Structure formats: C-alpha cells, structure tokens
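Visitor: Please walk me through the contacts in this model. Keep it brisk.

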Amino acid sequence: MTYSLYGVPLSQPTRTVLWTLLMKQLPFGLCLINPGTAGKKGSKNPEYLRKNPAGTIPMLEDKDNDFTLAEANAILMYLASKHSWTDLYPDDLQKRAKVDWYLNYHHRSIRELTAGIVMPKFRKDISLPPDCLTRSKRIGTAAVQVLNDGWLSETNFLTGDSFTLADLVAYSDIGQMKFLNLYDFSHAPKVQSWLDRMKELPFHNEIHLPLEMLGDISKEPPSMEQLKFANKTTLQVLENIGTVKII
C-alpha cells in the first residue's frame, strides 16, 4: 500500500486527512499513534521521533517515493498536488492562493478553539496556565466571528461556492464544538449554516463517529477509557471501508 497515515481519529488534524483520503477513495494504511506518549504506539517513541522529530500527528509515509511528511496542511497540499485534486486545491493561481490564505490563517485563529476549550478536556499530559486558556478562547471566538462576517459573508463555503481543503481543515476544529456541546454559535448564524452544509459531505458520519460517541462533554470531561473506546470503535468502522487497512 503506497500510503501509511499515523494518528488517531480523535485528533482534529488526523481526522481532516482521513476524511480527505476517504472522499478521494485513495487506499491507505492507518497506524494508531497516541499523541504525547512514549510507548510502542506513542508519538514520543524514539522510532516515531526518528521519522518526525516534532512528535506530532498526523504523519504520512509515501512508500513508493520513500518520502515522509508531517503536519496536516502540508500533507493535504502534497496529496492534492500529487493527485490533481483541483476541486479541493484549485490549479487556478488566485483560487489556490485563497485556499492557502485560509490554511495559513487557521492555526493561530480557529485552531485556538481546540487549544483553549477541547485540549484541556482531552490531553491530561498538557497543562496550560489559565491566562493562556483564556487567551486561546478569546482568539478562537474572534476568529469564528471573522468567518461569519468575512469568509462566509457572500459564499456557501470559505473560498467560494464549493468546499476545498480550507473547509475541511476549518471543520476539524469547529465541527467538534457542536458534537461535544462546547461552544455557542448563536452569534454566528452563517457559520451554523456552513456547519450544516459540511455535515452533508461524504463520509462525514464515519469520520466523526468518535465525537458522536463522546457526545456532550461540557459538564464532565471524558475518561481515558471513553477516549480509547471511541478511537477503537472508529478504527473498526473505518476498516470496513474498502480503502482503509489498519496497520
């Protein structure tokens, strides 16, 4: 199998790459890698760090070309360019530049929702001071408003009237908030409508099964057993899809 993807379904960036691979029906192997742990299947394991010194997920191996790449956005752009997925990553210079614009904007804007709201409930190995969490929430909330008033002010999707890599990346961090009941989107009606449109895309339900399983965590964070079970169940569902092999 040409591609091996390393990560877990509950990881927002991993989920984005998984979703894209499924929609494009590109066969790949999926290897479970637990973020922040040093065990055999951990992102801090020396063998994993040899391939990806930052110890982040996801990571992609293109075995036919003896090439390894980390960071979800880089992986998505690589695959889209290699396989000419011009619907997701246009070949028109200005249209592609607008997708790049959002991908570069995302990490210190919408991604802050995960850092300030989701991560404290999922990652006990990461401890951030209260002022950092407050700052992340403030930046993330402001970014949702920017999407509502700017990016989605005249179009159905972030860069036009059809979805691109920009929408898939954004949804990984925004969509989870609805599943987990961690954010009130009443101030952003256009974002809410966009969320509804994104739910209609192929393989949405399969990819977001772990979030569906966890449900409302606003009052009580999920236990490690719940997180493991959600990941394990989703892996089983994904393996029943013809293009995925769990390795």
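The questions below cover salt bridges, nonpolar cores, aromatic rings and one loop residue.

Visitor: How many salt bridges does a search of the whole structure find?
Guide: This is a predicted model. A pair counts when a side-chain nitrogen of Lys or Arg is within 4 Å of a carboxyl oxygen of Asp or Glu. By that rule, the number of salt bridges found in the whole structure is six.

Visitor: How far apart in sequence are the parts that K24 and D87 tie together?
Guide: The closest N and O atoms of K24 and D87 are 2.7 Å apart, and the two residues form a salt bridge. K24 sits in the loop between α1 (12–23) and β2 (28–32). D87 sits in the loop between α3 (72–82) and α4 (93–106), so the bridge joins parts separated in sequence by 63 residues.

Visitor: Are K24 and D87 buried, partly exposed or exposed?
Guide: Buried means under 20% relative accessible area, and exposed means over 50%. K24 has 26%. D87 has 41%. Because both values fall in between, K24 and D87 are each classed as partly exposed.

Visitor: What separates R50 and E47 along their helix?
Guide: R50 and E47 form a salt bridge, with N to O at 2.7 Å. Both belong to helix α2 (residues 46–51). They are three residues apart, so the separation is about one helical turn.

Visitor: Which class of accessibility does R50 fall in?
Guide: Its partner E47, at 41% relative accessibility, is partly exposed. R50 has a relative accessible area of 57%. The cut-off for the top class is over 50%, so R50 is exposed.

Visitor: Is D62 buried or exposed?
Guide: D62 pairs with K82 in a salt bridge, with the closest N and O atoms 2.6 Å apart. The pair links distant parts of the chain, 20 residues apart: D62 is in strand β3 (residues 59–62) and K82 in helix α3. K82 is partly exposed at 34%. D62 has 1% relative accessibility, so D62 is buried.

Visitor: Which helix gives the largest share of the largest nonpolar core?
Guide: In soluble globular proteins, nonpolar side chains tend to be buried together. Here the largest nonpolar core has 65 residues, and F28, L158, I174, V191 and W194 have the most contacts inside it. Nine of the core residues come from the helix that gives the largest share, residues 165–180, which is α7.

Visitor: How many residues are in the second core?
Guide: This core is separate from the largest one. Its members include C31, Y48, I57 and M59. The size of the second core is seven residues.

Visitor: Which residues do ring pairs link into a cluster?
Guide: The structure has ten aromatic pairs. Pairs count when ring centres lie within 6.5 Å. The cluster linked by ring pairs consists of W101, Y102, Y105 and W151.

Visitor: How far is R197 from the ring centre of F157?
Guide: R197 lies over the face of F157. The charge must be within 6 Å of the ring centre to count. The distance for R197 is 5.9 Å.

Visitor: Which residues is R123 in contact with, leaving aside neighbours within four places in sequence?
Guide: R123 is in the loop between α5 (111–122) and α6 (130–151). R123 is partly exposed, at 23% relative accessibility. Its C-alpha atom is 8.7 Å from that of a residue 88 places away along the chain. With close sequence neighbours left aside, the contacts of R123 are P35 and G36.

Notes: Residues are numbered from 1 along each chain as its sequence is written. This is a predicted model: local features need pLDDT of at least 70, side-chain atom pairs count only at pLDDT 80 or more; totals for chains, interfaces and linings use all residues. Side-chain values use heavy atoms; hydrogens and water are left out. Helices (H or I, at least four residues) and strands (E, at least two) are DSSP runs, numbered from the N terminus. Buried means under 20% relative accessible area, exposed over 50%, partly exposed in between (1.4 Å probe, protein chains only). A nonpolar core is a set of buried Ala, Val, Leu, Ile, Met, Phe, Trp, Tyr and Cys residues joined through side-chain atoms within 4.5 Å. Rings of Phe, Tyr and Trp (its six-membered ring) pair if their centres lie within 6.5 Å; planes under 30 degrees apart count as stacked, over 60 as edge-to-face and the rest as tilted. A charge sits over a ring if NZ of Lys or CZ of Arg is within 6 Å of the ring centre and within 35 degrees of the ring normal. Contact means heavy atoms within 4.5 Å.
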